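Biologist: Could you take me through the empty space inside this protein, starting with whatever is sealed off? I'd like a close look at what lines it.

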Amino acid sequence: MGSPVPPAEIRLQELAEQFREVFENPSHIVYSHDLEGNLTSLNEAGERLTGYTRVEALGLNIRDIMAPESRSLVQAMVEAKLSGVSETSYEVQVVTKAGELLTLD
């Protein structure tokens with residue numbers, strides 16, 4: 001008989017599952033990027049709406065998919081987040097794999 005799983009490990013597994021559900025289930029795009037703007041994750045809705053697969057997206061920088069008129073706003077919002085502003089809400093346009101503009105808010 002194996003040793004019992006520690007409560008902290010069980011809680012970590014529960015939190016990981018909750019994160020997966022929050023990340024994968026929305027009908028809107030959920031993504032993350034590093035400080036240089038390289039995409040580090042994209043959910044299923046992001047794949048569907050942008051036309052990029054996760055593998056393709058992970059090879060992109062946020063500047064690669066932002067419409068030119070949205071780039072300065074995105075940069076300002078990233079800087080605001082890094083300076084401690086906890087909530088940022090804005091509308092930007094991205095260019096899908098097919099070359100179409102998609103508005104995100």
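Modeller: Sure. A cavity here is a set of grid points where a 1.4 Å probe fits but cannot get out, and a lining residue has an atom within 4 Å of one of those points. Keep in mind that this is a predicted model.

With a cut-off of 30 Å³ or more, the count is one cavity. The largest cavity holds about 90 Å³ of space. Its lining is made up of 13 residues, with I29, Y31, L42, T50 and I65 nearest the centre. Two elements, β2 (39-42) and α4 (62-65), give two or more residues each to that lining. As for chemistry, the cavity lining has twelve nonpolar residues, one polar and no charged.

Now for the open spaces. The largest pocket comes to about 460 Å³, and I29 and Y31 turn up again, since lying nearest its centre are H28, I29, Y31, L104 and D105, out of 15 lining residues. At least two residues each come from β1 (31-33) and β4. This lining is a mix: eight nonpolar, six polar and one charged.

The second largest pocket has about 160 Å³ of space. Among its 13 lining residues, I62, R63, V74, Q75 and V78 sit nearest the centre. Here α4 appears again, along with α5 (71-82), each giving two or more residues, and α5 gives the most, with six. The split by class is six nonpolar, three polar and four charged.

One last bit on β4, which lines the largest pocket: this strand (residues 101-104) runs antiparallel to β3, joined by four bridges, and L102 is the bridge partner of V94.

Methods: Residues numbered from 1 in each chain as written. Predicted model: local features only at pLDDT ≥ 70, side-chain atom pairs only at ≥ 80, totals over all residues. Heavy atoms only, no water. 1 Å grid on protein atoms, 1.4 Å probe; cavity = no way out; pocket = protein on both sides within 12 Å on 5 of 7 lines; lining within 4 Å. Points joined across faces, edges and corners; volume = space filled by probe spheres on them. Nonpolar A, V, L, I, M, F, W, Y, C, P; charged D, E, K, R; others polar. Pairing = 2+ DSSP bridges.
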